[in-house]
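Biologist: I am new to this protein and would like a close look at its internal empty spaces, followed by the way some of its helices pack. Please go through them slowly, naming the residues that are involved.

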Amino acid sequence: MRHPDQDAHTELDPGSAALELQDDLEGDTLREECGVFGIYGHPDAAAITALGLHALQHRGQEAAGIVSYDGSRFHSERRLGLVGDTFSRREVIERLPGNMAVGHVRYSTTGATILRNVQPLFAELNAGGLAVAHNGNLTNGLTLRRELVKHGAMMQSTTDTEVILHLVARSKRARFIERYIDALREIEGAYALVSLTNKKLVGARDPRGIRPLVLGELDGCPILTSETCALDIIGARFIRDIEPGEVIVFDENGQDIHKPFPPMAPRPCIFEYIYFSRPDSIVHGRSVYEVRKAFGAQLARESHVPIDVVVPVPDSGVPAAVGYSQHSGVPFELGIIRNHYVGRTFIQPTQAIRESGVRMKHSANRAAIEGKRIILIDDSLVRGTTSKKIVRMMRDAGAKEVHFRLASPPILYPDYYGIDLPDRGGLLAATHSLEEMREIIGADSLAFLSIDGMYRAMGEPGRDPANPKFSDHCFTGAYPTHLTDQTQTEPQPRQLSLLAEAS
């Protein structure tokens, strides 16, 4: 959830040099909150869920959780850190018995990750237990939260997922699924939900289909998850995408499908193709890897200059750089080597490291770039801090010319659907001209993929302003849903919780 949670203490003071360095290293990195996974009817439900979450680790690295049900009790394991830090241990999986489970990996978009925010969230309702794992962000979550608290609700977390639990609890409907749908009718924004009750596994997707959710099958058991790569890792079969606005239920009687919303034109998030999804995933029938290559090829059509080598900014810039190289005929070289093992605990916050902090994460491959005209390919540009350091690093390693290309359009507007982006004042492209950005980054030239070019790379004739095929609001300002929390005349609280706790 993209929320103004300022309440938790962490081991690193927010003003500390270590956190400043972390911000430097992540300056141009897009982040999405989470990935979800659920399975019904399998004797190894928790172990399979852990494997699925491992495949979804790229969607959230700060916390992971699994809730299982054994026929009489729910069992929950929620921990800070990577999936493998906790769920690779046999004793942990043995504490999660049952043939039904849901899991979640989380990235905290604002403020610290604290255990009470780690999903799946669980609540005891009149009809039994309910565990919910949520990918996305509610654009009326703060408004609903304030209304619920005003009427006596007691909130334990600062995530909008808890709002969904309260909405289900207060519904007066008799059947669980009717209460669940009642709650969905009240929320706005982006969501892919995987929920577990005493008897059911439930999946739901927002009416615009902004966040992805797919259906798979393993040994005859249904699986709901964020990406197809989570099916591949366990040898499961992909069946189909959950449709926008669809609610799907699995129980002992089989499958039941509900479509409670009027049909709307789908607007899946374009950033799934640009950055979020793993390259080996298939999203809405399109190979993410092939789409990213197509972005790079289109970039070469639009803004090629005479160069000697094409160099990706790893890892997310690699497929686009391959496409650029193949279309332009210019050799592809790994001019930057990424260190995958740098982390916050390893970095020591000294002034010397801060001044060259990007080298902790990326190193120049001098043999591939010295004396050459290079073009750097990255997926996107947010603040520009890391891009500036990488350009400087290339020059220090002897590059003759350094050109910079982005395989997406300029990010001009903030996101309210679960992507960690700064407000408009923190977006480099929203506050500077192309030439000003080029000067700040220090490149010999700078260009972005055009919006129409992005759509053409997706197989469309271009962007239709009257009916855009994707949620591209970060580039265009055309938000696909109401932004209730942003338009309230009453100011929203900057602090959602009065409790400060260590993580």
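**Cavities and helix packing**

Modeller: The second largest cavity is lined by Ile 274, Arg 292, Phe 295, Ser 316, Ala 320, Asp 379 and Ala 407, and I should say at once that the model in which this cavity is found is a predicted one. Sorted by class, the residues around this second largest cavity are four nonpolar, one polar and two charged, and the space that they line has a volume of about 30 Å³. Rolling a probe the size of a water molecule over the atoms is what shows where such empty space is left.

When the whole structure is searched, two cavities of 30 Å³ or more are found, and the largest of them has a volume of about 40 Å³. The lining of the largest cavity is made up of Pro 212, Val 214, Ser 226, Glu 227, Thr 228, Asp 241, Ile 282, Val 283 and His 284, a set that divides into four nonpolar, three polar and two charged residues.

Turning to the helices, two packed helices are described by the angle between their axes and the distance between the axes. For helix H5 (residues 141-150) and H6, the axes come within 10 Å and cross at roughly 50 degrees, and H5 and H6 are therefore oblique to each other. The crossing in which H5 passes H6 is left-handed. On the H5 side the contact involves Gly 141, Leu 144, Arg 145, Glu 147 and Leu 148, which meet Val 163, His 166, Leu 167 and Arg 170 in H6, and by class this contact has four nonpolar, two polar and three charged residues.

Helix H6 (residues 161-170) also packs with helix H7 (residues 176-186), and here the axes come within 8 Å and cross at roughly 130 degrees, which makes H6 oblique to H7. The crossing of H6 and H7 is right-handed. H6 brings Ile 164, Leu 167, Val 168, Ala 169 and Arg 170 to the contact, while H7 brings Phe 176, Arg 179, Tyr 180, Ala 183 and Glu 186. The residues of this contact of H6 with H7 divide into seven nonpolar, no polar and three charged. Leu 167 and Arg 170 of H6 deserve a second look in the structure, since they are listed in the contact with H5 and again in the contact with H7.

Technical notes
Residues numbered from 1 in each chain as written. Predicted model: local features only at pLDDT ≥ 70, side-chain atom pairs only at ≥ 80, totals over all residues. Heavy atoms only, no water. 1 Å grid on protein atoms, 1.4 Å probe; cavity = no way out; pocket = protein on both sides within 12 Å on 5 of 7 lines; lining within 4 Å. Points joined across faces, edges and corners; volume = space filled by probe spheres on them. Nonpolar A, V, L, I, M, F, W, Y, C, P; charged D, E, K, R; others polar. Axes fitted to C-alpha atoms, helices over the stretch in contact; angles between N-to-C directions. Helix = DSSP H or I, 4+ residues; strand = E, 2+ residues; numbered from the N terminus. Parallel < 35°, antiparallel > 145°, perpendicular 65-115°, else oblique. Left-handed = near helix turned anticlockwise from the far one by under 90°. Contact = heavy atoms within 4.5 Å.
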